[in-house]
Amino acid sequence: LNDRLTPLGVEVRRLSPQERQRRGLAEGLYVQSVSAMSPAVRADLKAGDLILQVGGRPVGDVTALREGLEAAGAAGGPVPVLTLRGEEHRFVALELD
């Protein structure tokens with residue numbers, strides 16, 4: 001099941017239990033695609049990245065991602081997003097439009 005988050009500019013899916021186990025993760029979302037000229041592309045998110053946390057909150061489904069974005073966005077400024085690209089954990093600053 002894929003979910004497109006239009007304001008963010010990404011299409012994501014939940015990680016399967018096998019994917020989580022293989023990577024040693026409790027949860028996360030797989031970025032299927034990123035729309036051109038979107039907040040996600042400006043934050044350097046790429047297809048294949050895993051989103052692990054938004055605003056310090058773990059994300060395992062789209063509801064948790066939306067809630068994390070809303071909570072962190074309410075504070076103003078960029079939203080910190082913890083991603084995993086390959087073997088590298090990295091924080092990106094997501095500026096919501």
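Buried here means under 20% relative accessible area. The model discussed below is predicted.

Q: What share of the 97 residues in the protein chain is buried?
A: The cut-off to keep in mind is under 20% relative accessible area. Going by that, the buried part of the 97-residue protein chain comes to 39%.

Q: What pattern does the protein chain follow when you read along the sequence?
A: Start with the parts list: there are three helices and seven strands. Put in sequence order, they give β-β-α-β-α-β-β-α-β-β.

Q: What is the radius of gyration of the protein chain?
A: The C-alpha atoms fill a box of roughly 35 × 25 × 25 Å along the principal axes. For 97 residues the globule rule gives 13 Å, and the chain's own value is close to that, so it is as compact as a globular protein of that length. The radius of gyration is 12 Å.

Q: Among contacts between residues at least 6 apart in sequence, what percentage join residues at least 24 apart?
A: A contact here means heavy atoms within 4.5 Å. Take the contacts in the protein chain between residues at least 6 apart, then pick out those joining residues at least 24 apart, and you get 48%.

Q: How far apart do the centres of the positive and negative side chains lie?
A: The protein chain carries 12 positive and 13 negative side chains. Take the centre of each set, and the separation is 4 Å.

Q: How many residues of strand E4 are buried?
A: Strand E4 covers residues 50-54, which makes five residues, and the strand is mostly covered. The buried count is four.

Q: How many bridges join E4 to strand E6?
A: E4 pairs with strand E3 (residues 29-34) in the antiparallel sense over two bridges, with tyrosine 30 opposite leucine 50. Two bridges also join E4 to strand E5 (residues 57-58), again antiparallel, and there valine 54 stands opposite arginine 57. Strand E6 (residues 79-85) runs antiparallel to E4 too, and the bridges joining those strands number four.

Q: Which residue takes a positive phi in the hairpin of E4 and E5?
A: This hairpin has two residues between the strands. The positive phi is near 60°, and the residue that takes it is glycine 55.

Q: Is threonine 83 buried or exposed?
A: Threonine 83 lies in strand E6, opposite isoleucine 51 of E4. Beyond four places in sequence, threonine 83 touches Leu45, Leu50, Glu88, His89, Arg90 and Val92. Its relative accessibility is 0%, under the 20% cut-off, so threonine 83 counts as buried.

Q: What is the relative accessibility of arginine 85?
A: Arginine 85 is also found in strand E6. Leaving aside neighbours within four places in sequence, arginine 85 is in contact with Asp44, Leu45, Lys46, Asp49 and Arg90. Partly exposed means between the 20% and 50% cut-offs. Arginine 85 counts as partly exposed, with a relative accessibility of 25%.

Q: Which residue in E7 is the bridge partner of leucine 84?
A: Strand E7 spans residues 88-94 and runs antiparallel to E6, with seven bridges joining them. In the hairpin of E6 and E7, two residues sit between the strands, and glycine 86 takes a positive phi near 65°. As for leucine 84, its bridge partner in E7 is histidine 89.

Technical notes:
Residues are numbered from 1 along each chain as its sequence is written. This is a predicted model: local features need pLDDT of at least 70, side-chain atom pairs count only at pLDDT 80 or more; totals for chains, interfaces and linings use all residues. Side-chain values use heavy atoms; hydrogens and water are left out. Buried means under 20% relative accessible area, exposed over 50%, partly exposed in between (1.4 Å probe, protein chains only). Two strands pair if DSSP finds at least two bridges between them. The radius of gyration is taken over C-alpha atoms; the globule rule is 2.2 Å times the number of residues to the power 0.38. Lys and Arg count as positive and Asp and Glu as negative; His and the chain ends are not counted. The place of a charge is taken as NZ of Lys, CZ of Arg, CG of Asp or CD of Glu.
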